[in-house]
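This report looks at a nonpolar core, a strand residue and a set of charged pairs, and it is best read with the coordinates open.

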Amino acid sequence: MKKYVKVTVTFDCDGDLIPEYIVWDDGRRYRIDRISDVRYAASLKAGGAGIRYTCHILGKERYLFLEENRWFVDAKQ
């Protein structure tokens, strides 16, 4: 299931988007510790495709997608 989320990003000197925090609807905010990969990919769990950021949050690997102009993660129902 796609879960659309708020994302705090910065632009680096080259104009690339660097996501820094994911913010859930209830206000919980998670810092992205590290991004290990960025590529165009499909979400096999939730459907849809976009730029996939492989993020490390609290020691776990998670995928964050930028689909057109919206951010989403694969979420449990």
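## Trp71 and the nonpolar core

In this predicted model, Trp71 touches Lys3, Tyr4, Val5, Val7, Val9, Leu17, Pro19, Tyr53, Leu64, Phe65 and Leu66, when residues up to four places away in sequence are not counted.

Trp71 also belongs to the largest nonpolar core, a set of 11 residues whose other members are Val5, Val7, Ile22, Ile32, Tyr53, Cys55, Ile57, Leu64, Leu66 and Val73. Two or more residues of this core come from each of β6 (49–57), β7 (60–67) and β8 (70–74), and β6 supplies the largest share, with 3 residues.

## Val38 in strand β5

Val38 lies in strand β5, which covers residues 34–42, and it touches Ile51, Arg52 and Tyr53, again leaving out residues up to four places away in sequence. Val38 counts as partly exposed because its relative accessibility is 45%. Its C-alpha atom is separated by 9.6 Å from that of Phe65, 27 residues apart along the chain.

## Salt bridges

A search of the whole structure finds 4 salt bridges. One of them joins Asp25 and Lys3, with the closest N and O atoms 2.7 Å apart; this pair links distant parts of the chain, 22 residues apart, with Asp25 in the loop between β3 (17–23) and β4 (29–31) and Lys3 in strand β1. Asp25 is exposed, at a relative accessible area of 65%.

Another salt bridge pairs Arg28 with Asp26 at 2.9 Å between the closest N and O atoms; Arg28 is partly exposed at 44% relative accessibility, whereas Asp26 is exposed at 53%. Arg39 and Asp37 form a further salt bridge, their closest N and O atoms being 2.6 Å apart, and Arg39 is partly exposed at 45%, as is Asp37 at 22%.

Conventions. Residues numbered from 1 in each chain as written. Predicted model: local features only at pLDDT ≥ 70, side-chain atom pairs only at ≥ 80, totals over all residues. Heavy atoms only, no water. Core = buried A, V, L, I, M, F, W, Y, C linked by side-chain atoms within 4.5 Å. Buried < 20%, exposed > 50% of the residue type's maximum accessible area, 1.4 Å probe, protein only. Helix = DSSP H or I, 4+ residues; strand = E, 2+ residues; numbered from the N terminus. Contact = heavy atoms within 4.5 Å. Salt bridge = Lys/Arg side-chain N within 4 Å of Asp/Glu carboxyl O.
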